[in-house]
Amino acid sequence: MQQRLSTSFFYVKMSKVSIEDILYDEQDILRSMDKIENTGHVLGAAMFMADIAGVQVLYTGDYSREEDCHLCAAEIPQLSPDICIIESTYGVQLHQPQNVREKRFTYVIHSTISQGGCVLILAFALGRAQELILILDEYWSNHPELNNIPIYYASPLAKRCMVVYQTYINSMNERICNQFANSNPFDFKHISSL
């Protein structure tokens, strides 16, 4: 049974646990919804603010305060936490601005193809593949001289995730939501799945 909780969240109750052994119920889930914030890391990733004996604890995995080509930046919780528990891949590493990274990425690909080469990109991370595919599809659209060069992605996970991304367009950034009003940004014109 699927329940609609808000504009962005669904949950499916699937359990073999008896009712007496359940640790939380639907009302607990509904009461927790205002404690969930978007992390801007991957679609559906969330951070949680919990009050433990009067201490505000923010728990999150990776997060991003920079909007990317399809996701919003992490939301800043309304309450200031007393304690933060944060898993972080990059820690305090500084990244170049997104537009600089994208230009360097597309330049290397375009340059390699122009010299007769082929490009193989290994993208294992959920979300990263979708971002790279969006960047490449837009770049190919803006460079007709590349339209005869095929792009393929060979990832069953990325392919399955595309369905999720198309389902939750309303959880994406404003650019993607606006584009969706005219066409589905995840219906790629220049990229095919193998």
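**Close-up views of a predicted model**

**View 1. The side chains of Arg 175 and Glu 138 form a salt bridge, with N and O 2.3 Å apart.** Because Arg 175 belongs to helix α5 and Glu 138 to helix α3, the pair ties together parts that are 37 residues apart in sequence. Arg 175 is partly exposed at a relative accessible area of 37%, and Glu 138 is likewise partly exposed, at 38%. As the model is a predicted one, the distance given here is a computed value.

**View 2. Within helix α3 (residues 128-142), Arg 128 and Glu 131 are three residues apart, a separation of about one helical turn.** Their side chains meet in a salt bridge, for which the N to O distance is 2.5 Å. Arg 128 counts as partly exposed, since its relative accessibility is 42%, whereas Glu 131, at 6% relative accessibility, counts as buried.

**View 3. A salt bridge joins Arg 101 to Glu 66, whose closest N and O atoms are 3.4 Å apart.** This pair links distant parts of the chain, with Arg 101 placed in helix α2 (residues 98-114) and Glu 66 in the loop between β5 and β6, 35 residues apart. Both partners are partly exposed, Arg 101 having a relative accessible area of 28% and Glu 66 one of 35%. A search of the whole structure finds four salt bridges.

**View 4. Phe 48, Val 55, Tyr 59, Ile 83 and Ile 85 make a nonpolar surface patch of about 440 Å².** The elements that contribute two or more residues to the nonpolar patch are the strands β5 (55-60) and β6 (83-86), and Tyr 59 is found in strand β5. For the protein as a whole, the exposed area is about 13,200 Å², of which carbon and sulfur atoms supply 57%.

**View 5. Ser 171 sits in the loop between α4 (156-167) and α5 (174-180).** With a relative accessibility of 22%, Ser 171 counts as partly exposed, because the buried class is reserved for values under 20%. The C-alpha atoms of Ser 171 and Gly 44 are separated by 8.1 Å, although the two residues are 127 residues apart along the chain.

**View 6. The setting of the close-ups is a protein with five helices and eight strands.** From the N terminus on, the elements run β-β-α-β-β-β-β-α-α-β-α-α-β, and the C-alpha trace spans about 65 × 40 × 30 Å along its principal axes. Buried residues make up 30% of the 194 residues. The protein has 14 positive and 22 negative side chains, and the centres of these two sets lie 6 Å apart.

Conventions:
Residues numbered from 1 in each chain as written. Predicted model: local features only at pLDDT ≥ 70, side-chain atom pairs only at ≥ 80, totals over all residues. Heavy atoms only, no water. Helix = DSSP H or I, 4+ residues; strand = E, 2+ residues; numbered from the N terminus. Buried < 20%, exposed > 50% of the residue type's maximum accessible area, 1.4 Å probe, protein only. Areas by Shrake-Rupley, 256 points an atom, 1.4 Å probe, with all protein chains shown as cover. Lys, Arg positive; Asp, Glu negative; His and termini not counted. Charge placed at Lys NZ, Arg CZ, Asp CG, Glu CD. Patch = residues over 30% accessible without salt bridge, like charges linked within 9 Å, V, L, I, M, F, W, Y side chains within 5 Å.
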